[in-house]
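I opened this entry to keep track of what I looked up. I go from the parts of one chain to the way the chains meet.

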2 protein chains.
Amino acid sequence: MIPLDVLGKLSRAGDSKILLVVLDGLGGTCGGERNVTELEEAKTPHLDAIAVHSSLGLLEMVAPGITPGSGPGHLSLFGYDPLKYFIGRGVLSAAGVGLEMKAGDIAARINFCTVDSKGVVTDRRAGRIPTETCVSLCEKLNRELKVPGTTVVVKPEREHRAAVLFRGEGLDQRIGDTDPQREGLAPLPAKAASPEAEKAAGIVREFITQAGRILASDKPANMVLLRGFDSPPHLPQFPDVFKLKAACVAVYPMYRGISRLVGMDVAEFEGERIEDEVKCIESIWKNHDFIYLHVKKTDSYGEDGNRAGKVHVIEEFDALLPRLLALKPSVLAVTGDHSTPAALKAHSWHPSPVLLYAEGLCRPDGHKRFTESNCSRGCLGHLSATSLMPLMLAHALRLDKYGA
Amino acid sequence: MIPLDVLGKLSRAGDSKILLVVLDGLGGTCGGERNVTELEEAKTPHLDAIAVHSSLGLLEMVAPGITPGSGPGHLSLFGYDPLKYFIGRGVLSAAGVGLEMKAGDIAARINFCTVDSKGVVTDRRAGRIPTETCVSLCEKLNRELKVPGTTVVVKPEREHRAAVLFRGEGLDQRIGDTDPQREGLAPLPAKAASPEAEKAAGIVREFITQAGRILASDKPANMVLLRGFDSPPHLPQFPDVFKLKAACVAVYPMYRGISRLVGMDVAEFEGERIEDEVKCIESIWKNHDFIYLHVKKTDSYGEDGNRAGKVHVIEEFDALLPRLLALKPSVLAVTGDHSTPAALKAHSWHPSPVLLYAEGLCRPDGHKRFTESNCSRGCLGHLSATSLMPLMLAHALRLDKYGA
């Protein structure tokens with residue numbers, strides 16, 4: 001791939017507008033009565049209508065055979081080499097619950113757990129307490145915790161899971177997990193893996209001591225285990241690198257969080273349907289020249305193994321496509337951040353189908369539908385997902401020539 | 001890509017002959033009545049006849065989305081990683097006007113400009129003086145300039161543009177531009193960006209002082225601005241790396257210059273038509289085993305937005321193809337150094353169609369025509385243009401096995 005700094009030097013501002021649609025987990029595998037993928041099964045008259053004028057291809061998110069998490073999948077789509085740039089689990093958890101992070105903050109994943117009277121872990125997941133319990137435990141911690149000189153915020157995820165953020169001077173994230181990884185052992189003390197992290201490790205130990213005291217009567221969830229300490233990575237900022245006024249339109253906190261980490265504006269809007277997202281795009285269209293739309297449910301249904309549900313979300317998006325086309329984006333790309341075949345009920349390594357539409361500028365394939373099999377014969381070929389940003393910029397006439 | 005030194009070790013001499021035809025800016029985008037590319041529109045019976053026996057593919061010159069200049073495009077075709085090897089603007093300008101450069105020479109781009117009585121630039125382009133004026137100003141400078149211990153040669157380009165070459169002992173190219181980039185300012189003094197470049201910067205300052213004196217009465221072009229100081233890059237020499245006796249057959253100085261920089265012989269011949277080039281190839285065929293033919297006008301018409309003109313040049317080349325085939329090259333490759341769609345009137349990022357013909361050795365696609373869309377489904381796939389050299393060498397049976 002072309003290095004990000006070289007690409008940044010070639011990028012120039014302009015009037016063109018780019019719309020990147022990420023249908024989360026879009027790609028699938030064959031199944032159902034007709035033995036086709038979810039995308040092939042879906043009735044998509046509007047995508048079909050532009051497919052014939054578009055360039056199709058298959059995006060390799062990380063490398064062949066590698067199943068990407070949402071972090072690497074999105075970084076790759078945003079032009080960052082996912083093997084070079086990495087968002088750690090703690091930071092992704094924090095982003096996932098909507099904790100806004102700054103450089104120097106530390107985040108970690110929390111498990112509420114059960115300890116016995118000797119402090120030995122008897123259940124690492126505290127019997128998978130209901131999410132509402134988790135919410136009230138987090139509220140209690142936030143109310144009663146007091147670590148001098150440090151802001152600590154705990155935010156619930158689901159069931160026994162939460163995220164915690166530490167903000168203060170001179171904090172270093174190189175701290176070992178406190179989760180002993182099996183029952184019958186006491187939680188590990190938070191240890192600095194590097195001398196620079198002694199201060200932060202001390203703060204984490206103080207946090208754990210106080211949490212144990214505050215939660216003492218809250219059996220089964222009477223203790224916390226922490227893992228995945230991390231700070232936000234130093235990511236070159238998307239708007240600076242690409243000279244784009246960029247916005248994220250997403251319902252789920254994790255995708256909003258990743259977008260915030262790369263420096264995009266994160267749009268606020270009411271509602272959780274795709275239509276609500278489209279309405280938001282219509283309202284912010286004038287003020288941005290790059291909009292990233294994230295549609296979550298394709299992935300959610302895929303993870304549930306609900307093939308029909310995934311097909312339906314693709315059709316729901318297709319029905320709204322004319323409203324997006326009415327905005328006349330100079331460049332429209334539709335793809336996924338990874339595949340989530342309903343048959344696998346999980347993310348998969350299959351490359352993501354991509355459609356790139358830029359009237360008069362893309363070489364059309366002539367394929368009559370946007371499907372995995374047509375994409376595998378598309379004129380974009382099989383390419384790294386990190387190539388999508390330069391391709392979108394090129395078709396938006398926002399890249400200078402390389403060399404004389 | 002396979003590193004050049006590894007490839008060099010595998011390369012062996014032989015009796016086979018390779019012909020690389022570069023139709024400059026060959027690739028296009030769809031347009032015209034039939035909504036096809038220039039190559040698709042052209043009537044190319046002779047290319048069609050060999051296409052069916054050839055392997056087709058699409059060459060990515062630098063990286064997806066990146067529009068290459070002619071320098072990177074050609075380096076890539078010649079097997080050099082264009083992100084590693086770079087020919088600077090000054091050297092390319094010098095090559096472009098036919099100034100032969102050696103290692104240690106410095107070249108820069110000159111703008112003739114207008115300065116007022118206080119030495120302030122009032123017109124950075126001296127009213128775009130006619131090329132004839134530029135020619136006579138260059139002659140005057142070459143006649144009257146005298147910089148002790150240094151050979152200085154000025155050569156006209158077009159209108160107010162020229163190139164200058166400095167040859168002497170111990171010259172370092174790290175010198176800042178003297179062009180202030182806007183009117184109302186005095187030219188910047190030539191400053192060494194590194195201590196090693198102090199000597200060269202002094203010579204450039206002396207050149208500028210003398211030029212100002214010599215041109216004093218030549219208003220509007222009474223001063224020079226210099227930019228893009230550069231030395232020829234240290235390019236591994238093509239004939240050594242690939243064990244090929246290589247020749248360039250090109251009309252335009254820039255392509256002859258690039259070929260000279262990589263160590264090819266540059267053929268001299270009369271005339272500027274493709275037919276004149278073919279005649280030259282016929283005359284030097286015996287004495288070379290790699291010939292690079294450059295056809296310029298496909299690009300020129302593309303840059304002018306003259307679709308029909310570009311189509312015609314492709315047809316003109318096609319009509320001459322039988323004479324090239326009559327020479328019985330072991331391997332024939334036809335491609336471009338970048339795309340120049342007439343619709344864009346400029347170089348573009350679209351990958352270059354390539355046809356590789358080696359009787360009995362290439363896997364034929366069975367495609368009936370050499371077109372972008374067939375190339376996108378060709379058996380060579382989408383590949384880096386740096387892969388063309390190893391592919392041509394392989395089909396010419398000039399590469400040893402890698403490993404036992």
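**Entry 1: domains.** I began with the domain assignment of chain A, which gives domain 1 (4–86 + 234–395) and domain 2 (92–230). I noted that this is a predicted model. I then looked up the separation of the two domains: their C-alpha centres in chain A lie 35 Å apart.

Next I asked how many residues each domain of chain A gives to the contact. Domain 1 of chain A gives eight residues, and domain 2 of chain A gives six residues. On the domain 1 side, helix H9 (residues 253–261) of chain A gives the most, with seven residues. By residue type, I found that the domain 1 side facing domain 2 in chain A divides into four nonpolar, two polar and two charged.

**Entry 2: one histidine.** I picked A:His367 and asked where along chain A it is found. A:His367 is in the loop between strand E12 (352–357) and helix H13 (372–375) of chain A.

Is A:His367 buried or exposed? A:His367 has 20 C-beta neighbours inside 10 Å, so I wrote it down as buried. The cut-off for buried is 20 or more.

I then listed the contacts of A:His367, leaving aside neighbours within four places in sequence. They are A:Ala51, A:Val52, A:Leu56, A:Asn374 and A:Gly378. For one of these, A:Leu56, I looked up the spacing as well. A:His367 and A:Leu56 are 311 residues apart along the chain, and their C-alpha atoms are separated by 8.3 Å.

**Entry 3: chain A against chain B.** I turned to the interface and found 20 residues of chain A in contact with 27 residues of chain B. On the chain A side, the elements giving two or more residues are strand E13 (381–384) and helix H14 (388–395). H14(A) gives the most, with four residues. The chain A side divides into 13 nonpolar, four polar and three charged residues.

**Entry 4: how the copies are related.** I checked the superposition of chain A on chain B. A turn of 122° and a shift of 0.3 Å along the axis lay chain A on chain B with an RMSD of 0.2 Å. The two copies are thus related as by a three-fold rotation axis. I also asked which C-alpha of chain A is nearest the axis. A:Arg377 has that C-alpha, 3.8 Å from the axis.

My last question was why the copies are said to meet through different surfaces. Only 10% of the interface residues of chain A are also interface residues in chain B, so the surfaces are different.

Technical notes: Residues numbered from 1 in each chain as written. Chains lettered and ligands numbered in written order. Predicted model: local features only at pLDDT ≥ 70, side-chain atom pairs only at ≥ 80, totals over all residues. Contact = placed C-beta atoms within 7 Å. Nonpolar A, V, L, I, M, F, W, Y, C, P; charged D, E, K, R; others polar. Least-squares fit on C-alpha atoms with pLDDT ≥ 70 in both. Domains from an automatic or database assignment. Buried ≥ 20, exposed ≤ 12 C-beta atoms within 10 Å, placed from the backbone.
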